[in-house]
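Subject: Structure for you to look at

Hello,

Here is the structure I said I would pass on. Please open it first and then read the notes below.

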Amino acid sequence: MKINHLGIATNSISDVLSFWEGLGLENVHTETVDDQKVRVAMLPIGESRVELLEPTSDDSPISKFLAKRGGGIHHIAVEVEDIEASLAALKAKGTRLIDETPRVGAEGCLVAFVHPAATGGVLLELVQTLS
Ligand code: CO
């Protein structure tokens, strides 16, 4: 398994992008995910990526996170081969899930979130890539 990306919440992608670019990363993909009311920027780092997230509306989950925590690591995304199978296995163990079924995330990937109460305090995103 591998970390697909680290999700970092910010009020403004453009405010923090210069830091990450200065570190040597490159923003290769920007996209608005209407379903989650976020705009994302993807910066590859090794086999993983930094995902910068900014809210596109006041009722975005990211707006709530920023109001409560003022930015920072919002979630960790782990890549799985078969997201339906992973969700079924977690459900069978009684794991607290936010998404019982996958939805379409950035770049058309299938994603589902696991509640922080189940993981040790961090929001976990399962990702099945299209490749
Ligand atoms: Co993510």
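Where in the chain is the place of Glu-107? Glu-107 sits in the loop between strand S6 (103-104) and strand S7. Before going further, note that this is a predicted model.

Backbone at two loop residues

Glu-107 is worth a look for its backbone: it is not a glycine, yet its phi is positive, at about 60 degrees. With a relative accessible area of 33%, Glu-107 is partly exposed, because that class covers the values between 20% and 50%.

Lys-37 is another residue other than glycine with a positive phi, in this case near 55 degrees. Lys-37 belongs to the loop between strand S2 (29-33) and strand S3. Its relative accessibility is 31%, and Lys-37 counts as partly exposed.

The cobalt site

Which protein residues are the donors of the cobalt ion? They are His-5 and His-75, each through NE2, and Glu-51 and Glu-125, each through OE. These donors lie 2.1 to 2.4 Å from the ion. Written as a spacing in sequence, the donor residues follow the pattern H-x45-E-x23-H-x49-E.

His-5 is in strand S1 and Glu-125 is in strand S8, so this pair of donors ties together parts of the chain that are 120 residues apart in sequence. His-5 is buried, at 2% relative accessibility. Glu-125 is buried too, with a relative accessible area of 5%.

The angles among the four donor atoms run from 82 to 167 degrees, and the site is irregular. Why is it not called tetrahedral? Four donors count as tetrahedral if all angles lie between 85 and 135 degrees, and the range of 82 to 167 degrees goes outside those limits. For reference, the ideal angle for four tetrahedral donors at a metal is 109.5 degrees.

The largest pocket

The largest pocket has a volume of about 660 Å³. Its lining is made up of 35 residues. Those that lie nearest the centre of the pocket are Pro-61, Ile-62, His-74, Phe-113 and Leu-123. By class, the lining holds 18 nonpolar, seven polar and 10 charged residues.

Several elements supply at least two residues each to this lining. They are strands S1 (2-9), S3 (38-45), S4 (48-55), S5 (72-79), S7 (110-114) and S8 (123-128), together with helix H2 (61-69). Which element gives the most to the lining of the largest pocket? Helix H2 does, with six residues.

One residue of helix H2 to look up is Ser-63. Ser-63 counts as buried, at 15% relative accessibility. Thr-10 is 53 residues from Ser-63 along the chain, and the C-alpha atoms of the two are separated by 9.0 Å.

The aromatic pair

How many aromatic pairs does the structure hold? It holds one. The pair is formed by Phe-19 and Trp-20, whose ring centres are 5.1 Å apart. The planes of these two rings are at 80 degrees, so the pair is edge-to-face; the cut-off for that class is an angle over 60 degrees. Trp-20 counts as buried, with 19% relative accessibility, because buried means under 20%.

Strand S8 and the segment after it

Val-127 is in strand S8. At 1% relative accessibility, Val-127 is buried. Between Val-127 and Val-104 there are 9.6 Å in space, C-alpha to C-alpha, and the two are 23 residues apart in sequence.

Is Leu-130, in the segment after strand S8, buried or exposed? Leu-130 counts as exposed, because its relative accessibility is 62% and the limit for that class is over 50%. From Leu-130 to Lys-37, the loop residue described above, the distance is 22 Å, C-alpha to C-alpha. In sequence Leu-130 and Lys-37 are 93 residues apart.

Regards

How values were computed:
Residues numbered from 1 in each chain as written. Predicted model: local features only at pLDDT ≥ 70, side-chain atom pairs only at ≥ 80, totals over all residues. Heavy atoms only, no water. 1 Å grid on protein atoms, 1.4 Å probe; cavity = no way out; pocket = protein on both sides within 12 Å on 5 of 7 lines; lining within 4 Å. Points joined across faces, edges and corners; volume = space filled by probe spheres on them. Helix = DSSP H or I, 4+ residues; strand = E, 2+ residues; numbered from the N terminus. Nonpolar A, V, L, I, M, F, W, Y, C, P; charged D, E, K, R; others polar. Donors = N, O, S within 2.8 Å, 3.2 Å for Na, K, Ca; no water. Tetrahedral: all angles 85-135°; square planar, octahedral: opposite > 155°, others 65-115°. Buried < 20%, exposed > 50% of the residue type's maximum accessible area, 1.4 Å probe, protein only. Phe/Tyr/Trp six-rings, centres within 6.5 Å; stacked < 30°, edge-to-face > 60°.
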